[in-house]
Amino acid sequence: MKKQIISLVVVLAAVAVIVYIFGGGEEKGRTVLNYKDATYRIDGRPVQLKNGEGELVYEFKSQIMKNPVGYFGNEAEGDLNNDGVLDVGFIIKMYSDGTGIFYYAVGAIKTENGYLGTEAVFLGDRIAPQTTEWLSHEIVVNYA
């Protein structure tokens with residue numbers, strides 16, 4: 001369990017930095033004032049949240065699929081990209097076509113123009129998220 005948490009933290013921090021650097025950083029039009037309105041990426045597909053709610057839209061077997069995505073919570077603040085500004089890490093959930101609820105950890109990088117969403121890191125389905133906290137320059141997500 002401890003190895004999974006450490007791996008998740010390292011991956012989330014690395015994704016945040018990579019998205020920030022290679023995703024255009026503070027490119028105008030990509031940042032938003034509220035991190036619950038940012039665009040995050042699940043499996044490489046963009047999900048635009050509005051007031052913490054959105055949809056993952058994709059094509060599967062020639063059909064357009066839409067999975068509801070929403071803010072779950074468990075926020076933690078810390079500096080994910082080492083720029084001296086507090087960013088936000090939290091959990092989002094996605095409802096599948098079946099009975100599963102898939103949980104992801106995401107980061108919202110704070111820039112002078114607003115927040116920039118990161119790639120989502122899959123935590124699991126049918127899990128019970130417990131706490132999200134900032135420890136030693138890393139966001140740690142605990143779940144059962």
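## Exercises on the nonpolar cores and paired strands

In this predicted model, the largest nonpolar core is made up of 20 residues, and those with the most contacts inside it are Tyr-40, Ile-42, Val-69, Phe-90 and Ile-92.

**Exercise 1.** Find which strands each supply at least two residues of this core, and which strand gives the most.

*Solution.* Begin with the strands in turn: E1 (39-42), E3 (53-60), E4 (63-78), E5 (87-95) and E6 (101-111) each supply at least two residues of the core. Then look for the main contributor, which is E5, since this strand gives the most to the core, with four residues.

**Exercise 2.** List what Phe-90 is in contact with, leaving aside its neighbours within four places in sequence.

*Solution.* Taking contact as heavy atoms within 4.5 Å, one finds the aromatic names Tyr-35, Tyr-40, Tyr-71 and Tyr-104 among the partners of Phe-90. The list for Phe-90 is completed by Gly-73, Asn-74, Glu-75, Ala-105, Val-106 and Ala-108. Apart from the largest core lies another core, of seven residues, including Tyr-103, Ala-105, Ile-127 and Val-141.

**Exercise 3.** Trace the bridge partners of Val-69 in the strands E3 and E5.

*Solution.* First, E3 and E4 pair in the antiparallel sense over eight bridges, and within this pairing Gly-54 has Val-69 of E4 as its bridge partner. In the hairpin of these two strands, which has two residues between them, Lys-61 takes a positive phi near 50°. Next, E4 and E5 also run antiparallel and are joined by seven bridges, with Met-94 in E5 as the bridge partner of Val-69. Val-69 thus has bridge partners Gly-54 and Met-94.

Definitions and conventions
Residues are numbered from 1 along each chain as its sequence is written. This is a predicted model: local features need pLDDT of at least 70, side-chain atom pairs count only at pLDDT 80 or more; totals for chains, interfaces and linings use all residues. Side-chain values use heavy atoms; hydrogens and water are left out. A nonpolar core is a set of buried Ala, Val, Leu, Ile, Met, Phe, Trp, Tyr and Cys residues joined through side-chain atoms within 4.5 Å. Buried means under 20% relative accessible area, exposed over 50%, partly exposed in between (1.4 Å probe, protein chains only). Two strands pair if DSSP finds at least two bridges between them.
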